[in-house]
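Biologist: Before we begin, I should like each structural term to be justified against its criterion. Please look at the model with me.

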Amino acid sequence: MSIRVSHVHGEHIAVEAANGTEILRYVYRPDPEAFEAQKPYAHPVRTLGGRTVTGYRPNDHRWHKGLQMTASHLSGQNFWGGNCYVHGRGYLPLPERVGSMRHDGFTAFTVSEARLDVTEALTWVENGGEEWAREERGLAVHSVDEAAGSWAFDWSIRLTNLRAEPLAFGSPTTAGRDMAGYTGLQWRGPRDFTGGTVFAPDTDGDADKLMGSQSPWLAFTTEHDDVDAHSTLVFAHAPENLDAGTAIHESHWFVRSQPFPTVAFSWAFFEEFELPPGESFEYRYRLVVADGAWDSERVGEHLKGLAW
């Protein structure tokens with residue numbers, strides 16, 4: 001199935017499927033609210049059938065915006081947005097700790113009939129204006145399959161420390177809050193994903209049991225409000241992400257179905273890790289967006305057919 005790509009320079013990239021559905025909008029125009037950690041995000045994301053599967057600025061967490069790269073605890077700064085978790089004091093509004101991710105431009109932009117590949121340059125800037133890290137971000141839309149009712153969105157990061165001292169990556173859990181290890185690439189779902197079904201390979205665990213777990217992929221399915229339809233999202237690691245010999249730090253799932261729907265590929269759930277000056281780390285992720293209520297067998301078979 002072919003795609004059509006449009007680019008409003010300085011604002012966003014949009015991808016439309018051949019059936020006329022805009023399946024992805026990647027927004028890189030800076031948000032107006034510094035407290036929400038200004039950074040690019042993907043929203044709305046839709047299935048081929050037109051079902052929106054991302055939420056934007058929900059009233060419980062205004063800084064949750066579709067699919068976005070975050071770092072909740074980074075050397076005392078918050079590149080997630082919103083309140084900061086301080087052990088013994090809870091969540092506090094500390095705007096002086098909230099950083100931003102500056103879009104510096106696209107270094108590659110390739111469109112074919114059925115695929116979009118983008119490389120974006122970004123700089124992570126702490127609240128005082130010091131440039132802490134340089135990011136090379138890869139975005140790819142591919143495998144748009146009308147018969148399967150699905151498409152794939154790949155997101156990669158290569159982050160380099162620009163400071164003269166190590167960057168320390170953590171999470172609320174590493175700061176003392178039990179089982180709240182969110183950080184890294186994060187998805188926030190719309191309200192009709194609340195209470196949806198979460199599953200992973202080789203387990204019958206639900207969202208609560210899968211919190212803090214590890215697996216090659218995790219899926220989230222729901223029945224929508226307003227229309228008679230289901231959608232399934234599959235969050236998948238590239239093989240090297242889970243390889244102790246290549247990944248800088250092991251990843252765990254941060255996942256909730258209640259009281260709101262969210263998934264993060266957490267790279268520092270239980271323990272902090274440090275990135276030395278001048279050094280880099282990399283991760284690659286995949287999101288499969290599908291119409292219908294897929295089960296574990298269908299997810300597994302579909303992922304086998306998608307090469308990295």
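Biologist: Which residue is the bridge partner of L74 in β13?

Modeller: The bridge partner of L74 in β13 is F169. This is a predicted model, in which local features need pLDDT of at least 70, side-chain atom pairs count only at pLDDT 80 or more, and totals for chains, interfaces and linings use all residues. Residues are numbered from 1 along each chain as its sequence is written, and side-chain values use heavy atoms, with hydrogens and water left out.

Biologist: What makes β6 and β13 a pair?

Modeller: Two strands (E runs in DSSP of at least two residues, numbered from the N terminus) pair if DSSP finds at least two bridges between them. β6 and strand β13 (residues 167-170) have two bridges, in the antiparallel sense, so the criterion is met. The open sheet has three strands in the order β6-β13-β20.

Biologist: Why are β6 and β20 called edge strands?

Modeller: β6 (73-74) and β20 (273-275) each pair on one side only.

Biologist: Why is T123 called buried?

Modeller: Buried means under 20% relative accessible area, exposed over 50%, and partly exposed in between, with a 1.4 Å probe and protein chains only. T123, in strand β10 (residues 116-125), has 5% relative accessibility and therefore counts as buried.

Biologist: What makes the pairing of the T123 and D104 side chains a polar contact?

Modeller: A polar contact is a pair of N or O atoms within 3.5 Å; within protein, one must be able to donate a hydrogen and the other to accept it, and residues adjacent in sequence count only if both atoms are side-chain atoms. The T123 and D104 side chains make such a contact at 2.5 Å.

Biologist: How do you know that E135 and R137 form a salt bridge?

Modeller: A salt bridge is a side-chain nitrogen of Lys or Arg within 4 Å of a carboxyl oxygen of Asp or Glu. In E135 and R137 the closest N and O atoms are 2.8 Å apart, so the pair qualifies. E135 is buried at 1% relative accessibility, and R137 is buried at 1% as well.

Biologist: What is the N to O distance in the salt bridge of K304 and E301, and are these residues buried or exposed?

Modeller: The distance is 3.5 Å. K304 is exposed, with a relative accessible area of 66%, whereas E301 is partly exposed at 48%.

Biologist: How many salt bridges does this rule give?

Modeller: The count comes to 18. Among the residues involved, D31, E36, R57 and K65 are linked in a network.

Definitions and conventions. Helices (H or I, at least four residues) and strands (E, at least two) are DSSP runs, numbered from the N terminus.
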